[in-house]
Amino acid sequence: VFRTASPSVVYITSIALQRNLFSLNVYEIPQGTGSGFIWDRQGRIVTNYHVISDANRIMVTLSDHSSWKAVLVGAAPDRDLAVLQISAPAEKLFPILVGESADLLVGQKVFAIGNPFGLDQTLTTGVVSALGREITSVTGRTIHDVIQTDAAINPGNSGGPLLDSAGRLIGVNTAIYSPSGASSGIGFAVPVREVN
């Protein structure tokens, strides 16, 4: 599963502009990092909206470690989804296999690939813990029918794929429930039907 899916997973760096109070010079600072995945050979990348929402510039790093400037071409903030565009050549782009989220079962094996804490191409495993959950999006709206999983999802995994045992996309890792800020075994993924 990892060999098949990992070339489709990307590392996203959002960069903000900040002005020096003394010199008034503007410089770039890393705003945050996250994950995403390649949707098609035209260079469209899917991620979470909250990963890139405050960015002045977005960089996407492919599995071959090449970096590309990305442009936001679509967003559904109420679903915490965003689509980026990069101009990488088609031979560098490996679209993710798309599965179904309508027929998932609690207990089904799942895999999450992402970049937790900046550690790229990390795989975690677990099961579908529950279906039909609700979480709050960055706009304060409720996202319905969210997948709950115990696959470890940590900061930096946001926007990465949740895969079934055949390596097909079933959800976009979006949030965790955690009093400590690290994985507590309760993660949430927006189902693939929302991306479609």
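Which residues have the most contacts inside the largest nonpolar core? They are Phe37 and Leu163, and the core they sit in has 18 residues. Keep in mind as you look around that this is a predicted model.

## The overall build

Let's start with the whole chain. It has three helices and 12 strands. Out of its 196 residues, 44% count as buried. If you take contacts between residues at least 6 apart in sequence, 59% of them join residues at least 24 apart. On the outside, the chain exposes about 9,200 Å², and carbon and sulfur atoms supply 52% of that area.

## Two cores

Back to that core of 18 residues. The elements that give two or more residues to it are the strands β7, β9 (142-149), β11 (169-176) and β12 (187-191), plus the helix α3 (192-195). There is also a second, separate core, with 15 residues, including Ile38, Val51, Leu62 and Leu93. As a bit of background, nonpolar side chains tend to be buried together in soluble globular proteins.

Leu163 is a good one to click on. Leaving out residues up to four places away in sequence, Leu163 touches Val1, Ala5 and Ile96. Its other partners are Lys109, Val110, Phe111, Ile113, Arg168, Leu169 and Ile170.

## A buried asparagine and a cavity

Now find Asn115, in the loop between β7 (109-114) and β8 (122-136). Is Asn115 buried or exposed? It counts as buried, because its relative accessible area is 1%, and the cut-off for buried is under 20%. A polar atom of the Asn115 side chain lies 3.5 Å from the backbone oxygen of Gly34. Setting aside neighbours within four places in sequence, Asn115 is in contact with Val10, Tyr11, Gly34, Ser35, Asp120, Gln121, Pro155, Gly156 and Asn157.

Asn115 also helps to line the largest cavity, together with Val9, Tyr11, Thr61, Leu62, Ser63, His65, Asp120 and Gln121. So Tyr11, Asp120 and Gln121 turn up twice: they are contacts of Asn115, and they belong to the cavity lining, as the word "line" covers residues with an atom within 4 Å of a point of the cavity. How big is the largest cavity in volume? It comes to about 40 Å³. The count of cavities of 30 Å³ or more is one.

## The largest pocket

A pocket is a separate thing to look for. The largest pocket holds about 190 Å³ of space and is lined by 20 residues. Thr33, His50, Val51, Gly156 and Ser158 lie nearest its centre. Which element gives the largest share of the lining? That is β2, with four residues. At least two lining residues each come from β2 (26-38), α2 (49-52) and β11. Some names here are already familiar: Val51 is part of the second core, and Gly156 is a contact of Asn115.

## Residues worth a closer look

His65, already met in the cavity lining, lies in the loop between β4 (57-61) and β5 (67-76). His65 is not a glycine, yet it has a positive phi of about 75 degrees. Asp145, in strand β9, also has a positive phi without being a glycine, and its value is near 55 degrees.

Glu91 sits in the loop between β6 (81-85) and β7. Its partner to check is Arg41: the two are 50 residues apart along the chain, and their C-alpha atoms are separated by 8.0 Å.

Ser137 is in the loop between β8 and β9. Its side chain makes a polar contact of 2.8 Å with the side chain of Thr139. Apart from neighbours within four places in sequence, Ser137 is in contact with Pro77, Asp78 and Ile143.

Here is how these four residues score for accessibility:

| Residue | Relative accessible area | Counts as |
|---|---|---|
| His65 | 58% | exposed |
| Glu91 | 59% | exposed |
| Asp145 | 42% | partly exposed |
| Ser137 | 6% | buried |

Why does Asp145 count as partly exposed? Its relative accessibility is 42%, and partly exposed is the label between the 20% limit for buried and the 50% limit for exposed.

Technical notes: Residues numbered from 1 in each chain as written. Predicted model: local features only at pLDDT ≥ 70, side-chain atom pairs only at ≥ 80, totals over all residues. Heavy atoms only, no water. Buried < 20%, exposed > 50% of the residue type's maximum accessible area, 1.4 Å probe, protein only. Contact = heavy atoms within 4.5 Å. Areas by Shrake-Rupley, 256 points an atom, 1.4 Å probe, with all protein chains shown as cover. Polar contact = N/O pair within 3.5 Å; in protein donor to acceptor, adjacent residues only side chain to side chain. Core = buried A, V, L, I, M, F, W, Y, C linked by side-chain atoms within 4.5 Å. 1 Å grid on protein atoms, 1.4 Å probe; cavity = no way out; pocket = protein on both sides within 12 Å on 5 of 7 lines; lining within 4 Å. Points joined across faces, edges and corners; volume = space filled by probe spheres on them.
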